[in-house]
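Got the viewer open? Let's take a walk through this one, stop by stop, with something to select at each.

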Amino acid sequence: MPQTAPHRRLLPLLGQVGGGRSRTTCRFRCGDACFHEAPNTSDNAYFGDIAAAALSRRNVLRAGAVGAGATAAVGLAGFGPALASPGPRNPRLKFDGIEVGTSDRVEIPRGYEQRVVVRWGDPVVPGAPKFDINRQTAEAQEKQFGYNCDYVAFQPLGRDRGLLWVNHEYTNENLMFRGYTDGAEADLEHIRIAMAAHGGSVVEIRRVGRTGGWRLADGGRHFNRRITATTPMKLTGPAAGSELLRTEADPEGTRVLGMLNNCAGGMTPWGTILTCEENFNQYFVGGEGAPEEKKAALRRYGIATSGDTRAGNRRFDRVDERFDLSRHPNEANRFGYVVEIDPFDPDSTPRKRTMLGRFKHEGATTRLTRDGRVAVYMGDDERFDYIYKFVSAGRYRKGSRRANSSLLDTGTLYVARLSGDSPAEELDGSGALPADGAFDGRGEWVALCTDKKSFVEGFTVAEVLVHTRLAADAAGATKMDRPEDIEASPATGKVYCALTNNSAREPGQADEPNPRGPNRFGHILELSEQGNDAGATRFRWDVPIVCGDPEDPSTYFAGYDKSKVVAISSPDNLTFDEQGNLWISTDGQPGTIGVNDALFAVPVEGRYKGELKAFASVPVGAECCGPFITEDQKTVFIAPQHPGEDGTFDEPQSTWPDGDFPRPSVVSIWNSKGHDIGR
Ligand code: FEO
Ligand code: CA
Ligand code: CA
């Protein structure tokens with residue numbers, strides 16, 4: 001039956017800021033990044049190459065689909081239908097799209113079921129006590145499931161058991177502790193609890209009956225593990241041991257304690273987890289007292305070097321002085337990496353892979369090159385920052401864990417430079433398509449260094465890998481609208497990147513790969529590597545989806561009838577099902593389109609290309625993390641992160657999942673009849 005939802009009014013967006021997040025999220029997650037100037041002050045062109053003489057007239061119908069005088073403005077009233085008639089049904093994506101609203105629940109399509117798999121505080125390693133939010137200790141938290149779940153990965157152990165990896169990106173102390181005000185006033189035990197609630201977890205889970213639902217395995221304690229902000233880790237790769245990474249506590253520059261703000265991630269073909277340190281800058285204070293010659297690099301990563309650098313910080317320095325840069329200026333250089341973890345070996349030492357560069361790593365997606373090497377695609381999630389790729393020197397060897405264990409330490413690190421094929425004057429920042437009907441063009445992967453040689457003048461290899469943003473500035477990388485997750489389609493090999501939004505891009509700074517200024521709602525970039533080879537150094541690119549309300553003329557859904565798609569904003573995490581449909585989860589809908597964050601699915605090829613539908617939505621105040629579709633296609637895991645983030649311990653705004661206080665958790669969703677997810 002066709003569904004028609006009533007028109008919605010844009011809700012008042014009180015307390016929302018540029019990126020569409022609440023003020024509280026900004027403070028706890030990003031250290032108020034949007035309230036500071038974007039740290040990229042390089043003079044790289046926004047639009048690297050405007051030699052667009054060869055105007056392909058292909059797909060002029062696409063241009064025709066956008067009326068004259070299209071603008072990026074969104075009216076406050078008349079917000080479009082949440083879901084219109086779906087028309088003929090796509091046999092590869094048959095679920096009835098949900099209407100995304102503002103409930104304090106996980107909403108799923110008719111014919112699907114859900115079950116919480118694991119919650120913040122659940123005991124996971126031996127000796128863990130039962131969770132008691134009123135009597136929490138750091139010792140307990142180190143053995144219990146951590147806070148804000150982000151990246152989720154699943155490794156099967158036979159048919160009915162498996163290992164779940166979950167990132168714990170950051171903590172909402174306002175929700176965790178009664179009467180919490182700020183780090184300066186915080187009880188020191190609360191700071192230690194927060195440190196223990198960061199990091200990640202490996203938990204063994206069991207299938208519930210014959211369904212696609214999962215729960216924590218009883219006694220599944222062999223693999224279970226907590227990684228925290230104090231877990232010993234090894235720095236590996238070319239920058240390990242360099243002067244930039246040496247500290248008083250680690251004069252060799254090869255050992256570091258903990259990982260911070262792990263956002264998204266990826267899995268390697270050899271079964272390890274890549275987990276990515278993102279907004280690590282916010283944990284460091286004392287930048288004003290760092291040596292003068294180190295300050296420019298600190299600032300490029302968003303670390304304050306003047307004023308009151310302690311205000312608003314979690315103040316980890318109050319329990320561990322290494323977070324004070326006035327005393328240990330190199331400590332911040334030891335964060336901001338992709339960390340490789342073996343979930344099958346709870347005694348293994350996590351490795352920070354310096355060869356993959358240091359920036360605000362969102363995720364890390366691997367793909368094999370045609371000759372069997374490993375490529376890793378990575379976004380640097382900051383306004384006007386870059387997209388990167390690493391290609392290993394060695395080849396992946398199936399079944400040889402030992403040989404593969406050092407693959408990420410040698411190879412080449414690249415940064416993306418994109419040029420459009422339409423003239424700059426056709427790109428006015430409104431989102432109106434240029435005359436050739438497409439935001440598209442060519443790109444190249446610019447080599448920054450190998451493990452042996454730097455290609456950036458004035459930078460050693462170690463400097464490229466530790467001050468990667470500065471090296472990429474010098475290499476003329478293309479400034480993007482906050483590159484988040486990147487995933488490759490298993491059906492075509494094309495690579496997709498979520499560009500979540502960029503409220504700071506001005507109309508005059510719009511370019512073909514980032515065609516709106518400001519970009520409030522984000523877009524999706526599609527890369528087609530030359531020869532469909534992940535090892536290529538050239539690619540073509542396209543923008544198949546320009547997000548927002550479909551009634552907003554600046555939006556675009558691969559040319560699909562916009563009366564038949566649903567509003568989406570702030571795309572963040574991506575995954576694919578085996579049919580090649582792209583699944584997109586969001587982080588920022590409450591502040592931009594006035595509804596909860598959600599998980600969407602959209603075909604990116606074929607007749608139904610662009611037919612975007614909402615599959616699930618998360619509770620009030622949460623962003624939708626994960627998603628992960630199991631190899632058997634029977635389960636999708638999502639992780640509602642920071643439910644009720646604007647509340648407090650005493651006045652919660654969400655009581656999900658158990659009706660008392662909010663607990664970030666992982667949820668399994670499955671089809672009641674056992675069909676594949678979405679089908
Ligand atoms: Fe932690 Fe870029 O999202
Ligand atoms: Ca074009
Ligand atoms: Ca993210």
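Two strands count as paired here if DSSP finds at least two bridges between them. Keep in mind as you click around that this is a predicted model.

**Stop 1: a mixed sheet**

With that rule in hand, select the open sheet of 6 strands, which runs in the order β10-β9-β14-β13-β12-β11 with mixed pairing. Its edges are β10 (255–257) and β11, each of which pairs on one side only. Look along the sheet and you should see neighbouring strands turned by 35° against each other on average, direction ignored.

Now zoom in on the β11 edge. Strand β11 is joined to β12 (residues 273–277) by 4 bridges, and the two run antiparallel. For a landmark, pick Asn262, which stands opposite Glu277 in β12.

**Stop 2: the calcium ion**

Select ligand 3, the calcium ion, and show its surroundings. Which protein atoms serve as its donors? They come from Cys263 (SG), Glu362 (OE), Glu484 (OE) and Asp572, the last listed with OD twice, and they lie 2.3 to 3.1 Å from the ion. Along the chain, the donor residues follow the spacing C-x98-E-x121-E-x87-D. Cys263 sits in strand β11 (residues 262–267) and Asp572 in strand β27 (residues 571–576), so this pair ties together parts that are 309 residues apart in sequence.

Why is the arrangement called irregular? Start from the ideal: six octahedral donors would give angles of 90 or 180 degrees. To count as octahedral, six donors need opposite ones over 155 degrees apart and all others between 65 and 115. Around this calcium ion the 6 donor atoms subtend angles of 49 to 159°, which makes the arrangement irregular.

While you are here, colour by accessibility. Are Cys263 and Asp572 buried or exposed? The cut-off for buried is under 20% relative accessible area. Cys263 comes out at 2%, so Cys263 counts as buried. Asp572, also at 2%, counts as buried too.

**Stop 3: the sheet that holds β27**

Follow Asp572 into its strand, β27. That strand belongs to an open sheet of 4 strands, ordered β27-β28-β29-β30, with antiparallel pairing. β27 and β30 (613–617) are the edge strands, each pairing on one side only. The twist here averages 25° from one strand to the next.

In the middle of the sheet, select β28 (residues 581–586) and β29 (residues 598–603), which pair in the antiparallel sense over 5 bridges. One spot to label is Ser585, whose bridge partner in β29 is Leu599.

**Stop 4: β24 and its neighbours**

Next, select strand β24 (residues 523–529), where 6 of the 7 residues are buried. Strand β23 (residues 495–499) pairs with β24 in the antiparallel sense over 5 bridges, and Leu499 stands opposite His523 in β24. Then bring up β25 (residues 538–546), joined to β24 by 6 bridges and also running antiparallel to it. Here, look for Ile524 opposite Ile545 in β25.

**Last stop: a loop residue**

Finally, pick Glu651, in the loop between β32 (636–641) and β33 (665–671). Glu651 has 61% relative accessibility, so it counts as exposed. Add Asn174 to the selection and draw a distance: the two residues are 477 apart in sequence, yet their C-alpha atoms are 9.9 Å apart in space.

Notes. Residues numbered from 1 in each chain as written. Chains lettered and ligands numbered in written order. Predicted model: local features only at pLDDT ≥ 70, side-chain atom pairs only at ≥ 80, totals over all residues. Heavy atoms only, no water. Buried < 20%, exposed > 50% of the residue type's maximum accessible area, 1.4 Å probe, protein only. Donors = N, O, S within 2.8 Å, 3.2 Å for Na, K, Ca; no water. Tetrahedral: all angles 85-135°; square planar, octahedral: opposite > 155°, others 65-115°. Axes fitted to C-alpha atoms, helices over the stretch in contact; angles between N-to-C directions.
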